[in-house]
Amino acid sequence: MPELPEVETVCRNLREGLPSRSSRAKGGRRPGGRPQAGRRAACPSLLGRRITGSRLLWPPTLVTPAPARFRARVRGQRVREVTRRGKFILVRLTTDTLLFHLRMGGALQLEPRAAPLSPHCRLVLELGTRWQLVFCNPRKFGRVWLTADPGSVLGELGPEPLADAFSVEHLSALLAERHRRIKPLLLDQRFLAGLGNIYADEALHRARIHPLSLASDLPLPRRRALWGSIRKVLREAIRYNGTSFDEGYGGGAYFTRLRVYQRTGRPCRRCGTPIERILVGQRSTHFCPACQARPGARARS
DNA sequence: CACGAGACCTGTTCGC
DNA sequence: TGCGAACAGGTCTCGT
């Protein structure tokens, strides 16, 4: 599931820890409150903890270095910082950096060492006697790197859409030189880091751009609108802890705000027209045929 | 350079 | 109810 807002949520949870929460607390759900995940024990911050051991349960998870070297090298290092770049989670250690990519789902969280491990658990980093950092990944697509040079892993990534340096002029210039359909372009992490299928569809709808539009053909007002909608959608989703349909993200609730993603046949929240679903570059793509005019169907200018 | 197809995987939902 | 098909938030590689 994870796109930029979900990964940001995971990072924040690792940095700040999670307060305890019970599904039965205070007579159930607050009226108007965000839906809450189930019972969860309190867990502390990952920052400052020392890695005392590791267990690799699905070897293909580890890209580099080889397992024996990984185990020897990661042991004894202390966690200094937890940050995000695109959809990567960066855990800076004493001398190296651990990079995690969840790909199509999963979780990275602190758990008591006494707790039973999920069958989807692929890597465990032991943190003393009480806690462990657990990388769960049901579909086995997720990957982990340990390196002194994170740039070697992140090298090709495009700009960070929420960074101050990512200006409307910057995006506009990048779009102008790409003869590519806008939807697959937004999913290309070398073009822009962090968008995935949900937020690409949502950003395009808010900017009123048809997903098959040619990037280089977008008129300036659409390009400006896209810059704003990308940032707005991502910021808003982060406030809601992402759009999670499963556990492990601390109650992501942005699905209540989605305007097109997986709303096929339901009315557009702006104009009431039924949302359509098409395939673009093998990915499900949701849009409003009225709000998001076809590239060919040019209005008189 | 741009694009489609296939691969990598398991779990859940849909249709008959 | 049961069972296979379709589908899922991502990315890589190959062939055209």
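This is a short tour of a predicted model, with a suggestion at each stop for what to select.

**Stop 1: the five-stranded sheet**

Start by selecting strands 2, 9, 5, 4 and 3, which in that order make up an open sheet with mixed pairing. At its edges are strand 2 (62-64) and strand 3 (79-85), each of which pairs on one side only. As you look along the sheet, neighbouring strands are turned by 20° against each other on average, direction ignored.

Now zoom in on strand 5 (residues 97-101) and strand 9: they run antiparallel and are joined by five bridges. To find your place in this pair, pick Leu99, which stands opposite Trp145 in strand 9.

**Stop 2: two helices on the sheet**

Add helix 1 (residues 4-16), which packs on the sheet and touches strand 3 and strand 4 (88-93). The direction of helix 1 makes about 165° with that of strand 3. Next, show helix 2 (residues 67-74), which also packs on the sheet, touching strand 2, strand 4, strand 5 and strand 9. Here the angle to look for is about 60°, between the directions of helix 2 and strand 9.

**Stop 3: Asn137**

Move to the loop between strand 8 (131-136) and strand 9 (143-147), and select Asn137 there. Is Asn137 buried or exposed? Asn137 is buried, because its relative accessible area is 2%, below the 20% cut-off. Display its side chain and you will see it reach the backbone oxygen of Leu102 at 3.1 Å. Beyond its neighbours within four places in sequence, Asn137 is in contact with residues including Gly105, His120 and Arg122.

**Stop 4: DNA strand B**

Turn on DNA strand B and the residues around it, among them His120, Pro138, Arg139, Lys140 and Phe141. Of the atoms of DNA strand B that come within 4 Å of the protein, sugar and phosphate account for 68%. The residues of this surface divide into two nonpolar, four polar and five charged.

Three side chains are worth showing in turn:

- Lys140 has a polar side-chain atom 3.0 Å from a phosphate oxygen of DNA strand B.
- Arg178 has a side-chain N or O atom 3.0 Å from a phosphate oxygen of DNA strand B.
- Arg180 has a side-chain N or O atom 3.1 Å from a phosphate oxygen of DNA strand B.

**Stop 5: a hairpin**

Gly281 and Gln282 are also around DNA strand B. Select Gly281: it lies in the turn of the hairpin formed by strand 10 and strand 11, and has a positive phi of about 55°. Strand 10 (residues 276-280) pairs with strand 11 in the antiparallel sense over five bridges, and Ile278 stands opposite Thr285 in strand 11. Finish on strand 11 (residues 283-287), which is largely enclosed by the rest of the structure because four of its five residues are buried.

Terms used:
Residues are numbered from 1 along each chain as its sequence is written. Chains are lettered from A and ligands numbered from 1 in the order in which they are written. This is a predicted model: local features need pLDDT of at least 70, side-chain atom pairs count only at pLDDT 80 or more; totals for chains, interfaces and linings use all residues. Side-chain values use heavy atoms; hydrogens and water are left out. Buried means under 20% relative accessible area, exposed over 50%, partly exposed in between (1.4 Å probe, protein chains only). A polar contact is a pair of N or O atoms within 3.5 Å; within protein, one must be able to donate a hydrogen and the other to accept it, and residues adjacent in sequence count only if both atoms are side-chain atoms. Contact means heavy atoms within 4.5 Å. A residue is near a molecule or strand if one of its heavy atoms lies within 4 Å of it. Ala, Val, Leu, Ile, Met, Phe, Trp, Tyr, Cys and Pro count as nonpolar, Asp, Glu, Lys and Arg as charged, and the others, Gly among them, as polar. Two strands pair if DSSP finds at least two bridges between them. Axes are lines fitted to C-alpha atoms, for helices over the stretch in contact, and angles run from 0 to 180 degrees between N-to-C directions.
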